[in-house]
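Work through the exercises below with the structure in view. Try each task before you read its solution.

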Amino acid sequence: MARFRLFSRESTDAKSGTPITSGRYGDNAVNVTNETLAMKLSAVYRAVSIISNSIASMKIQYKRYSSVFGYYTLDTSGNDGRLMNYTLSYQANRRQNAFQFWRQVVCHILLLGNAYIYPRKNRYGIPEELILCTGSVAYDNITNTYTIEDIYNGISGTFPASEVIHLKNLHTSGNVGISTIAYAAKVLSINATSDEETLRRFATGGRFKAFLSNDNSIKGWGKYQNEEVQSVAELLSQALRGGDDIVSVPGDTKVTPISMSSADMQFLDSRKFTIREIARFFNVPASKLMDDSNTVYGTTEANNVAFYSEALQPFITDIEQELTNKLIGFENFLQYKFSFDLTTLFVLDRKGLAEWNKSRLETGQASVNDLRRENDVKPIDKGDDVYVSVNFAPVGSAKLNGEPSNTTTP
């Protein structure tokens, strides 16, 4: 029977980073099973980063209804309102400012499936701190309670659902969210495996796999030869499955390549495919993940709208409603509300911000001084007047014919 000499090289375990020197690759597939492995993938890091940073950049405002004017305005009239707005928008707790806190909350939702927030309140029932639980949290469906053991934040005990702000990812049953990592495990594993393969190809200079054999290793006819061929074939299959590059058979030899080049395997196209798949799981346009292969100006504008409405709006709605349910309650939900300040989305988009402000001025939603105050510019005299565009007129009216309209002067 022919013997085999296995040519191997040192490789590295994808999960632990430990060198493997056994002479075989083993299973080359990388299974992404947790958030740490997932965040090592560039597309996942980008998706989680852009969603969490966008949400955290918008201030959450605590507003009070004004029965005199009939609209909600920022509640800064008393200490309670100021404390609530300060906690939500500036300093969430003693360790985190509001941006850091809400960014971590969204990361928990996407990567862990759930974000459990414990509002630490003063004697008047107003949250002084919002604590994102990082310890053990167990939810009981029967009693509708949460058992929290968080040594780091000093929270321990069983709490009713009304005292715990629970933001959850998409789930199909029960009352606990499931992480996006769990849903996209197969796609993420493909992406991680392709990253490992890319590293392997660059590290070895694109080494190919081949048979090293001769034409005289197996002689004879009939059953004996067939058994020998079958035995060799099984050993070859086993060696290739184990990850060996070249399999050697003694005697006069020739090299028969059995692997395809990156171009033949359309390797780069497969990597682009996984990026688009990850974009689908996170509801993020592929262009937001830096995949601009099919991007033009028109699609960029549409992608921005899609990102705001499909990726951000669900988080905004969920956070606003959960805060209302847990911090305001049924008795006061008509008097107070929480809402995100969406103007921060346009802060660096000067053209988009100018068009939006122009629309507000023309439709009477804001005055010149309103816009100046928003930009910390001193108000001007008569700048509080509100205007409405009057470019429209009835068909056949005197205005369209250039004639003065029939008006009566009192």
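**Exercise 1: a three-stranded sheet**

Arg64 stands opposite Thr73 in E5. This is a predicted model: local features need pLDDT of at least 70, side-chain atom pairs count only at pLDDT 80 or more, and totals for chains, interfaces and linings use all residues. Residues are numbered from 1 along each chain as its sequence is written, and side-chain values use heavy atoms, with hydrogens and water left out.

Task: find which strands stand at the edges of the sheet.

Solution.
- Step 1. Recall the rule: strands of a sheet pair through backbone hydrogen bonds, either parallel or antiparallel.
- Step 2. Write down the order. Three strands form an open sheet, E5-E4-E15, with antiparallel pairing. (Strands, E, are DSSP runs of at least two residues, and helices, H or I, of at least four, numbered from the N terminus; two strands pair if DSSP finds at least two bridges between them.)
- Step 3. Read off the edges. E5 (71–74) and E15 (336–340) each have a single partner strand, so one side of each is left without a neighbour in the sheet.
- Step 4. Add the twist. It averages 45° from one strand to the next.
- Step 5. Look at one pair. E4 (residues 60–66) and E5 are antiparallel over four bridges.
- Step 6. Place the helix. H3 packs on the sheet and touches E4, E5 and E15. Its direction makes about 150° with that of E4. (Contact means heavy atoms within 4.5 Å; axes are lines fitted to C-alpha atoms, for helices over the stretch in contact, and angles run from 0 to 180 degrees between N-to-C directions.)

**Exercise 2: a threonine in H3**

Task: decide whether Thr87 is buried or exposed, then list its polar partners.

Solution.
- Step 1. Locate Thr87: helix H3, residues 79–89.
- Step 2. Check the cover. Thr87 counts as buried because its relative accessibility is 2%. (Buried means under 20% relative accessible area, exposed over 50%, partly exposed in between, with a 1.4 Å probe and protein chains only.)
- Step 3. Find the polar partners. The Thr87 side chain reaches the backbone oxygen of Leu83 at 2.9 Å. A polar atom of that side chain also lies 3.3 Å from the backbone oxygen of Pro127.
- Step 4. List the neighbours. Not counting residues up to four places away in sequence, Thr87 touches Ala92, Ala98, Pro127, Glu128, Glu129 and Leu130.

**Exercise 3: the whole chain**

Task: state how many helices and strands the protein chain has.

Solution.
- Step 1. Count: 11 helices and 15 strands.
- Step 2. Add burial. Buried residues make up 36% of the 410 residues.

Conventions: A polar contact is a pair of N or O atoms within 3.5 Å; within protein, one must be able to donate a hydrogen and the other to accept it, and residues adjacent in sequence count only if both atoms are side-chain atoms.
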